[in-house]
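Hello,

Here is the structure I promised to pass on. Have a look at it first, and then read on for what turned up.

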Amino acid sequence: MEKYKESFIEFMVDCEVLKFGDFVTKSGRRTPFFVNTGFYRTGGQLKKLGEYYAKAIEDAFGTDFDVLFGPAYKGIPLSVATTIALSEDCGKEIRYCSNRKEIKDHGDKGILLGGPIKDGDKVVIIEDVTTAGTSIRETLPIIRDTADAQVCGLVVSVDRCERGTGTKSALEEIQETYGLKTTAIVTMKEVVSYLYNREVGGRVLIDDDIKARIDAYYKEYGV
């Protein structure tokens, strides 16, 4: 596994974004692990997060695209932080763009904020964690109603490696349904492999008990 992936896993632990215990996801699944990107809260944390995303994007898509689109609301700071990182680390000026939940009818009117999406633009979508693909189904029509742009792909921070609505993973379903290339900074399989019986920050987060619960979870919901 690449060093930046190992560093990102420890970064998630340090920011308390990645936790192990007993949780219930939005889809109602009881899960022994949880990823809450709302715990990236400081300027320094967002700066580093943007750098990790930028590395994953460069590896998967290169920098030959024009717009990084972050769906409201969590995608807004992600798109801003990552376009800054792409500028500083890759020397590439990418426009950030996000949508509002409500259309604004005064001042800066419309549903979008940030850089405009133009005909012919290449767009990459950035999200936190995709489990069911709901957000992408809402986001694509917004982009396509705005301009004749090419949506090249989707990047998330963590691929949970579990089934979406069918027998395949959510990211695989998105890739097949919409023809989008998808990538993640890390997968949960990489996270489990790295953290199992490893001490991070003075703690072992995945011991034999947690590992057994994760294995049971993936036996039921994994791909």
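Let me start with a charge and a ring: Arg41 lies over the face of Phe39, 4.2 Å from the ring centre. Another such arrangement involves Lys211, whose charged end sits over the ring of Tyr196 at 5.3 Å from its centre. Please keep in mind as you browse that this is a predicted model.

Next, the rings among themselves. The structure holds nine aromatic pairs. One of them joins Phe23 and Phe34, which are stacked, with 5.5 Å from centre to centre and 25° between the planes. This pair links distant parts of the chain: Phe23 belongs to strand 1 (residues 18-24) and Phe34 to strand 2 (residues 30-35), and the two are 11 residues apart. Are these two rings buried or exposed? Neither label fits, because the relative accessible area of Phe23 is 21% and that of Phe34 is 29%, and values from 20% to 50% count as partly exposed.

Tyr217 and Tyr221 form an aromatic pair too, this one tilted, at 5.0 Å centre to centre with 50° between the planes. Both tyrosines sit in helix 7 (residues 208-221), and because they are four residues apart there, about one helical turn separates them. Tyr217 has a relative accessible area of 3% and is buried. Tyr221 is buried as well, at 17%, since the limit for that label is under 20%.

There is also a cluster to look at: ring pairs link Phe8, Phe11, Tyr40 and Tyr52. Several of these names come back in the helix packing, which I turn to now.

Helix 1 (residues 3-14) packs with helix 2 (residues 43-61) at an angle of about 150°, and their axes are 11 Å apart. The crossing of these two helices is left-handed. Which residues of helix 1 meet helix 2? They are Tyr4, Ser7, Phe8 and Phe11. On the side of helix 2, the partners are Gln45, Lys48, Leu49, Tyr52, Lys55, Ala56 and Asp59. By character, the residues of this contact divide into six nonpolar, two polar and three charged. Phe8, Phe11 and Tyr52 take part in this helix contact, and they also belong to the ring cluster, together with Tyr40.

If you would like a place to begin in the viewer, try Phe8 and Phe11 in helix 1, and then go on to the tyrosine pair in helix 7.

Best wishes

Notes:
Residues are numbered from 1 along each chain as its sequence is written. This is a predicted model: local features need pLDDT of at least 70, side-chain atom pairs count only at pLDDT 80 or more; totals for chains, interfaces and linings use all residues. Side-chain values use heavy atoms; hydrogens and water are left out. Axes are lines fitted to C-alpha atoms, for helices over the stretch in contact, and angles run from 0 to 180 degrees between N-to-C directions. A crossing is left-handed if the near helix is turned anticlockwise from the far one by less than a right angle, and right-handed if clockwise. Contact means heavy atoms within 4.5 Å. Ala, Val, Leu, Ile, Met, Phe, Trp, Tyr, Cys and Pro count as nonpolar, Asp, Glu, Lys and Arg as charged, and the others, Gly among them, as polar. Rings of Phe, Tyr and Trp (its six-membered ring) pair if their centres lie within 6.5 Å; planes under 30 degrees apart count as stacked, over 60 as edge-to-face and the rest as tilted. Buried means under 20% relative accessible area, exposed over 50%, partly exposed in between (1.4 Å probe, protein chains only). A charge sits over a ring if NZ of Lys or CZ of Arg is within 6 Å of the ring centre and within 35 degrees of the ring normal.
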